[in-house]
Amino acid sequence: MDTKDDGIFRSIVEASPAHYIMKIQSFSLLTKNSIERYESGKFEAGGLKWKLVLYPSGNKSKNVKDHISLYLVLEESSSLQPGWEIYVNFKLFLFDHNNDNYLVVQDAVKKERRYHRMKLEWGFDQFIPLKDFNLDSKGYLVDDICAFGAEVFICRERNTGKGESLTMMKDALPYKNVWEIKDFSKLDSECCDSEPFNVGNYKWQIKLYPKGRGIELGKYLALYLTLANPTALSPGSKIYTQSTLRIFDQKQGKHQIGKAINWFSASSHEHGFLGFLLISNFTSQYSGFLVKDTCYVDAEVTVLGVVDALS
């Protein structure tokens with residue numbers, strides 16, 4: 001007997017579900033033991049991994065009452081390419097012990113369901129009324145034993161291209177790292193780096209060019225904030241930061257300060273100031289930037305937002 005109601009098509013077949021059967025013994029103990037949601041083991045269909053999710057007393061998050069809720073969930077989606085979409089026809093089954101056949105539940109219009117990153121679950125909030133499920137004459141629950149099943153058919157796959165997810169940080173807090181540089185006059189490398197420090201789950205460094213760089217070589221100190229390990233960022237990832245770089249005036253407290261807001265990424269991992277401070281001013285005995293051949297540099301960094309690629 002075929003029936004159609006509320007967009008759901010119900011039919012009877014003799015053949016077992018092609019892809020998975022989930023047999024449950026002592027079904028009544030699920031509710032008695034406060035198991036509101038039960039997930040099956042993983043099974044394969046169409047080269048993908050799936051599972052069944054059963055709500056024995058209805059999906060309370062959707063205010064379902066007096067029904068069993070049953071869903072087909074796509075597993076291990078992280079292994080798929082960014083932007084993927086999979087269109088699926090599926091049938092969910094319930095075994096009838098009395099007649100040795102199956103009740104089959106599917107969409108009335110046999111509509112393809114689109115699985116993607118933001119939608120990994122489709123199914124039926126009202127798979128079957130509990131009053132029907134519990135009736136002895138129906139044969140669905142016999143000796144407190146029942147069996148559900150699934151058939152899954154991949155209709156087509158589509159890659160929509162790349163996507164991204166931007167997360168702005170609520171109540172983001174700044175982190176300050178102070179770097180002491182001793183024996184400044186003995187620095188002989190083009191640039192020197194501070195020890196790495198952590199801000200927002202990322203490692204950072206302060207980079208100083210003591211003799212300047214580029215067109216300001218020999219004129220200005222260059223000072224930058226840089227990601228310590230930019231290659232660790234996944235493609236498409238970006239970090240939105242607010243930063244303050246500072247060289248301390250140890251005598252008068254007239255610190256040299258540079259402020260910036262930047263996006264950091266694997267391809268743009270260094271931001272700062274080419275002409276941060278005149279070298280002649282920095283080394284002057286009348287200023288307090290270099291005292292006893294020691295200077296202090298700090299970075300105050302706040303991670304305001306993060307962009308990750310959708311997968």
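**Figure 1. The cysteine pair C191 and C192 in this predicted model.** C191 counts as partly exposed, since its relative accessibility is 24%. How far is the sulfur of C191 from the closest cysteine sulfur? The gap is 6.9 Å, to the sulfur in C192, and this is too far for a bond. Seen from the other side, C192 is in no disulfide either, with the sulfur of C191 as its nearest cysteine sulfur at 6.9 Å. C192 itself is buried, because its relative accessible area of 14% falls under 20%. As a reminder, a disulfide is a covalent bond between the sulfur atoms of two cysteines. With a cut-off of 2.5 Å between sulfur atoms, the count of disulfides comes to zero.

**Figure 2. A cavity lined by residues of β19, β20 and β21.** How many cavities of 30 Å³ or more does a search of the whole structure find? The search finds one, and the volume of the largest cavity is about 40 Å³. To trace its wall, look for L225, S243, L245, A260, N262, F264, H271, G272 and F273. Three elements each give two or more residues to this lining: β19 (238-247), β20 (256-264) and β21 (270-278). By residue class, the lining holds five nonpolar and four polar residues, and no charged ones. In general, rolling a probe the size of a water molecule over the atoms shows where empty space is left.

**Figure 3. Strand β18 between its partners β17 and β21.** Is strand β18 (residues 220-227) mostly covered or mostly open? Strand β18 is mostly covered, with seven of its eight residues buried. On one pairing, strand β17 (residues 202-209) runs antiparallel to β18, joined to it by six bridges. Here Y209 is the residue standing opposite A222 of β18. On the other pairing, β18 and β21 are also antiparallel, and six bridges join them. A good place to zoom in is L223, which stands opposite F273 in β21. You have met F273 already, as one of the residues lining the largest cavity.

**Figure 4. Strand β9 and its antiparallel neighbours β2 and β8.** Strand β9 (residues 101-107) is mostly covered, and seven of its seven residues are buried. Strand β2 (residues 8-13) is joined to β9 by six bridges, with the two running antiparallel. Which residue of β9 is the bridge partner of F9? The partner is Q106. Strand β8 (residues 84-96) pairs with β9 as well, in the antiparallel sense and over five bridges. In this pairing, L94 stands opposite L103 of β9. The hairpin of β8 and β9 has four residues between the strands, and D100 takes a positive phi near 55° there.

**Figure 5. Two loop residues with positive phi, S26 and D66.** Most residues other than glycine have a negative phi, which is why exceptions are worth a look in a Ramachandran plot. S26 is not a glycine, yet its phi is positive, at about 55°. S26 sits in the loop between β3 (20-25) and α1 (28-32). With a relative accessibility of 34%, S26 counts as partly exposed. D66 is another residue other than glycine with a positive phi, near 60°. Where does D66 lie? D66 is in the loop between β6 (48-55) and β7 (67-75). D66 is exposed, because its relative accessible area of 58% is over 50%.

**Figure 6. I261 of strand β20 and the annotated span around it.** UniProt lists residues 17-152 and 174-301 for "domain: MATH", in an unreviewed entry. In the model, the span of residues 174-301 is 4% helix and 49% strand. The end C-alpha atoms of this span lie 5 Å apart. I261 has its place in strand β20, one of the elements that give two or more residues to the cavity lining. The relative accessible area of I261 is 46%, so I261 is partly exposed. How far apart are I261 and V105 in sequence and in space? They are separated by 156 residues in sequence and by 55 Å in space, C-alpha to C-alpha.

Notes. Residues numbered from 1 in each chain as written. Predicted model: local features only at pLDDT ≥ 70, side-chain atom pairs only at ≥ 80, totals over all residues. Heavy atoms only, no water. 1 Å grid on protein atoms, 1.4 Å probe; cavity = no way out; pocket = protein on both sides within 12 Å on 5 of 7 lines; lining within 4 Å. Points joined across faces, edges and corners; volume = space filled by probe spheres on them. Nonpolar A, V, L, I, M, F, W, Y, C, P; charged D, E, K, R; others polar. Buried < 20%, exposed > 50% of the residue type's maximum accessible area, 1.4 Å probe, protein only. Pairing = 2+ DSSP bridges. UniProt positions renumbered as here; feature names shortened; annotations may be inferred.
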